[in-house]
Amino acid sequence: MTEKMKAMVLSKLGKIETNPLKLTQIDKHEIKRDNEILIKIEACGVCHSQLHGIEGDWQDIGIPPTLPTVPGHEVVGKIVEIGKKVTKFKVGDRAGITPLLESCMNCQYCKEGKEYLCESMEVLGESLKGGYTEYITVTEDFATKVPESMSPEYAAPLFCAGITAYKAVKASEPSKNKKIGIFGIGGVGHMAIQFAKIEGCNVIAVSRNIKHLQVAKNLGASEIITFNEGQEFVLNELKNKIGLLDASIVFAPADIVTSTAIQSIKKGGLVVLATIGEISNFIAFEEKTIRGTLIGSRNDMKEVIKIADEKNLKVVSEVYPLEKANEVLSKLKTSEIEARAVLVP
Ligand SMILES: [Zn+2]
Ligand SMILES: [Zn+2]
């Protein structure tokens, strides 16, 4: 008989308050291919994009592609079993998985090291393979080693929030003294501030949430601006205190925020969008660039772990038992989570 494991399962899409995930016993994942490893999950971060998936906000763009699913796509744990052909890991190693569970490794994107753009990629947390459970299997090429000294609660948020922030900052072409606006300071934003600071940038943090702005301040943002008073207020504050920005990065999924970010930069400036939605106020003659970004590659992930380790990146996280997933998702929805919540099975 197949062994079982506990999991928080999503069977239909809907509001988290009325359509909670259900604690269920599902078949434990087993190693099926010789290049797979079996990870006993120690921590899984709770990402905002997962909340959108659960509530059906992103049905139009095919997320999640199937039901039921086990959500959760930033996972860290201990390797408890390895396939016959695994060479990169041994039992007892700590490893993590980004939302990119697998890609074809054959297409142009995969060959160029942009495997996160692969048309046939599989996403962690969008099938029964997700992080809100006890075990997960993955091919060794899609797992990243986590140093023993790094706690799983610290490391897990690096695997989606961290890599997303890192790549978005890289896309904003950071350099010393550049003025970079970060719109949306949650799990991802609070790490983006730090990556931009490491590059020597002046960071201006914009958020609706005063708690998040306080986190931004603590992490070294040179200015914080509330979005609560609306777009005009933000643009005026910028004009009066800072001047137009060199680049802006948008993590908040609201069209008005994107529009503000576009207007906040100087001519020839750059806006990096790490979210979806409409783009308005884009005027060709201002020679601005709008660039999209999505998670990051396996090489980016290695880089994130290295930087986190060497530069003592701060991960602001709060830890909850797996069974509290619904409560945590509700708190995330109402902005009661300071930056990132982590579930521990
Ligand atoms: Zn995520
Ligand atoms: Zn591919």
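Let's start just past a helix: α1 is followed by G56, whose phi is positive, near 85 degrees. Keep in mind that this is a predicted model, where local features need pLDDT of at least 70, side-chain atom pairs count only at pLDDT 80 or more, and totals for chains, interfaces and linings use all residues. Residues are numbered from 1 along each chain as its sequence is written, chains are lettered from A and ligands numbered from 1 in the order in which they are written, and side-chain values use heavy atoms, with hydrogens and water left out.

**Helix α1 and strand β1**

Helices (H or I, at least four residues) and strands (E, at least two) are DSSP runs, numbered from the N terminus. Back to α1: six of its eight residues are buried, so this helix is largely enclosed by the rest of the structure. Here, buried means under 20% relative accessible area, exposed means over 50%, and partly exposed is in between (1.4 Å probe, protein chains only). The buried ones in α1 are Q50, L51, H52, G53, I54 and E55. What do they pack against? The buried residues of α1 pack against α10 (325-333), where contact means heavy atoms within 4.5 Å.

Strand β1 (residues 4-9) is a similar story: five of its six residues are buried, so it is largely enclosed by the rest of the structure. β1 pairs with strand β2 (residues 22-27) in the antiparallel sense, over six bridges; two strands pair if DSSP finds at least two bridges between them. For instance, A7 has T24 in β2 as its bridge partner.

**Two zinc ions**

Donors are N, O and S atoms within 2.8 Å of the metal (3.2 Å for Na, K and Ca); water is not among the atoms, so sites may look incomplete.

| Ion | Donors | Distances | Spacing |
|---|---|---|---|
| zinc ion (ligand 1) | C47 (SG), H73 (NE2), C160 (SG) | 2.0 to 2.2 Å | C-x25-H-x86-C |
| zinc ion (ligand 2) | C104 (SG), C107 (SG), C110 (SG), C118 (SG) | 2.3 to 2.4 Å | C-x2-C-x2-C-x7-C |

Among the donors of the zinc ion (ligand 1) are H73 and C160. H73 sits in the loop between α1 (48-55) and β4 (75-82), and C160 in the loop between α3 (152-155) and α4 (161-171), so the pair ties together parts that are 87 residues apart in sequence. Both H73 and C160 are buried.

The site of the zinc ion (ligand 2) is tetrahedral, with angles of 106 to 117 degrees among its four donor atoms; four donors earn that label if all angles lie between 85 and 135 degrees. C110 is buried at 8% relative accessibility, while C107 is partly exposed at 22%.

**One aromatic pair**

The structure holds one aromatic pair. The rings of Y166 and F195 have centres 5.5 Å apart and planes at 70 degrees, so the pair is edge-to-face. (Rings of Phe, Tyr and Trp, its six-membered ring, pair if their centres lie within 6.5 Å; planes under 30 degrees apart count as stacked, over 60 as edge-to-face and the rest as tilted.) Y166 lies in helix α4 and F195 in helix α5 (residues 189-198), so the pair ties together parts that are 29 residues apart in sequence. Y166 and F195 are both buried.

**Two more residues**

S207 lies in strand β11 (residues 202-207) and is buried, at 6% relative accessibility. Leaving aside its neighbours within four places in sequence, S207 is in contact with residues including I185, H212 and F227.

K306, in helix α9 (residues 298-311), is partly exposed at 43%. The C-alpha atoms of K306 and V146 are separated by 9.4 Å, though these residues are 160 residues apart along the chain.

Note on methods: Tetrahedral: all angles 85-135°; square planar, octahedral: opposite > 155°, others 65-115°.
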